[in-house]
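Q: Could you take me on a close look at one part of this protein, the second largest pocket, and then show me what else is worth knowing around it? Please keep it friendly, since I'm new to this.

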Amino acid sequence: MRDLLTSPQKRQLLIIENLFSSKEWIHINDIAKKMNCSDRIIKNDISNIKRNFTNLKIDSSSKGIKLADAISFDLSYVYQTILAESESFKILEYIFLNDKCSLSNLYKSIFISKSTIYRIIGKINAVIRKKFDFQIKSNPFTIVGNEKDIRCFFSQYFSERYNVLDWPFKTINEYDFTNFLSLFTNYSDIYYDFARFRLVKITSIVNLIRAKNNNFLHLKDVSSNEYYQELIEKESFKDFIKLYSQKFNIQLDFPVLEQIFIGFVQKNFYFSYEQLKEHYSTNPQTKKSIDLLKKIIMELSVEFGLRITNLNQLLLYMHDTSFLDKFEIDSYFILNNKKYYPLSVLKSYFPLFYTTVQNKIIEYRENLNYSTDEQIINHLIYTLFTHWEGLFDELFKKLHKIKAIVISDFDLQHSISICSALNFYTSDRFTAEPYSKTYLSLSELEKSEYDLILTTFEINDKLNKPIFNIGKMVTFDIIEKLRFILEQIYKEKNIFNQL
């Protein structure tokens, strides 16, 4: 979807992403070469970045440029700002929220010429069709095409475009819609944390808006009667529906409710493992999915020696995520690939395990005749890593721990206290021991089993092992620098390739 941005917007986004992913200084000349443009253009882009992204601090020096406070910076702010400024996405949002709008209204809202509007819409239709099966139709302006793709795109768009505290749907009161939605989520007896409830809320409001505009999604395998029958028959529920039909200006009859919760009322989606277990033997598609997933998880457990303590819940999460596909926000992305950084880290830490998981999930999707699009595969990999209880602890335990020797020019007790602090903060990947010998021999240290030498004084001699002067006291700054050194040692020793 980056092709919907202007050339300067695409360049500026790439500059920020490169700064975010690099801990080192980046020369402007290197950026210019990478983007096939002049240094002057990049310098101008950097000036625009500093002016337009006020929360973004960029340090400049003779060494190049570097992002200040990269650890605490959230890239979501950048994507939100770019989406807000993009004329293409402004047009898409306005037409979605104002279905069948006139050229005059669109022109007054976006503040660009009528000829430019038609040119941009032509570009939107050409770009969108590469990934989603819908387009903008003119006179009046409306969005037509595959209804599932339309809902997927705009649910994802609103989740990326707006901050978690924003509510862009002005025709429907957020408080009212939250209360309305809470009745159904509470009835499902499933706990929704803040983040998950927000995503369900965005998906549901997009579905409601499409239904209000008489755009219905028709699916074969819907089992809403089974889930909502008891609730619908309650007298108190009828009063509730009457109230919110007035608030939302639409008759919330059964077909409309079904549209609002379409992703969650299908036969292959389950709110609990107990519900899944109940339908396992009678639903061939569910049975096939669960059998394949269980085989994958057990093979991974045996092959890599990993414990699995929440198998049933993991099967439920993986099955539902795979089945929901486009109905779930973040299974695909528009600009903000939230999973790129965590998945890149996981792949660099555990390359063998990651590749094995990836191949098995692709095979699983192929066996079910589901799409193996890279984005949904990554979404499922992320789900497995985050929902397998204790997986990270299990994987890190399999890695070789880096051994360090701590040499203090104070006394032995000082070395011991430093070791205690270091082992506390880095115990998952690192173990430190105090140097207790009477004489200090650098040649012996070179031959020792230690991967790293930590001192409280300078050693100017060059050794075949990394040396780091940690000073007289362990601080958070020292811990951060030490973590970076540990990363380098892991890479040099090829430790990550063990898993």
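**A look at the second largest pocket**

A: Sort the residues lining the second largest pocket by class, and you get 18 nonpolar, eight polar and eight charged ones. Keep in mind that you're looking at a predicted model. In total, 34 residues line this pocket, and its volume is about 950 Å³. If you want to find the middle, look for Asp-193, Arg-196, Leu-199, Glu-328 and His-387, the lining residues that lie nearest the centre.

Which helices should you look at? Three of them, α10 (194–212), α16 (311–324) and α19 (374–387), each give the lining at least two residues. Helix α10 makes the largest contribution, with seven residues.

Now follow α10 away from the pocket, into the nonpolar interior. In soluble globular proteins, nonpolar side chains tend to be buried together. Here the largest nonpolar core has 93 residues, and once again α10 supplies the largest share, seven residues. Phe-89, Ile-91, Phe-153, Phe-154, Phe-180 and Leu-252 have the most contacts inside that core. Let's zoom in on Phe-153. Not counting neighbours within four places in sequence, Phe-153 is in contact with Met-1, Phe-89, Leu-92, Ile-128, Phe-132, Phe-134 and Ile-334. A separate core of 59 residues lies apart from the largest one, and Leu-316, Ile-470, Ile-485 and Leu-486 are among its members.

Next, go back to two of the pocket's helices, α16 and α19, and check the loops beside them. Most residues other than glycine have a negative phi, and most peptide bonds are trans. Asp-330, in the loop between α16 and α17 (340–349), has a positive phi, near 80°. Asn-369, in the loop between α18 (351–367) and α19, also has a positive phi, near 60°. Is each one buried or exposed? Asp-330 has a relative accessibility of 16%, so it counts as buried. Asn-369, with a relative accessible area of 72%, is exposed. There's a backbone oddity elsewhere too: the peptide bond from Asn-139 to Pro-140 is cis, with omega near -5°. You'll find Pro-140 in the loop between β3 (134–137) and β4 (142–145).

Finally, the charges. Side chains of opposite charge can pair when their charged atoms come close. The structure holds 22 salt bridges. One of them joins Arg-307 and Glu-394, at 3.1 Å from N to O. This pair links distant parts of the chain, 87 residues apart: Arg-307 sits in the loop between α15 (284–304) and α16, while Glu-394 belongs to helix α20 (residues 391–398). Arg-307 is exposed at 53% relative accessible area, whereas Glu-394 is buried at 10%.

Another salt bridge pairs Arg-2 with Glu-17, whose closest N and O atoms are 2.5 Å apart. Arg-2 comes in the segment before α1 (7–21) and Glu-17 is in α1, so this bridge ties together parts 15 residues apart in sequence. Arg-2 is partly exposed, with a relative accessible area of 27%, while Glu-17 is buried at 17%.

Then there's Lys-437 with Glu-444, where the closest N and O atoms are 3.3 Å apart. Lys-437 is exposed, with a relative accessible area of 53%, and Glu-444 is partly exposed at 44%. To round things off, Asp-3, Lys-10 and Lys-130 are joined into one network by salt bridges that share partners.

Technical notes:
Residues numbered from 1 in each chain as written. Predicted model: local features only at pLDDT ≥ 70, side-chain atom pairs only at ≥ 80, totals over all residues. Heavy atoms only, no water. 1 Å grid on protein atoms, 1.4 Å probe; cavity = no way out; pocket = protein on both sides within 12 Å on 5 of 7 lines; lining within 4 Å. Points joined across faces, edges and corners; volume = space filled by probe spheres on them. Helix = DSSP H or I, 4+ residues; strand = E, 2+ residues; numbered from the N terminus. Nonpolar A, V, L, I, M, F, W, Y, C, P; charged D, E, K, R; others polar. Core = buried A, V, L, I, M, F, W, Y, C linked by side-chain atoms within 4.5 Å. Buried < 20%, exposed > 50% of the residue type's maximum accessible area, 1.4 Å probe, protein only. Contact = heavy atoms within 4.5 Å. Salt bridge = Lys/Arg side-chain N within 4 Å of Asp/Glu carboxyl O.
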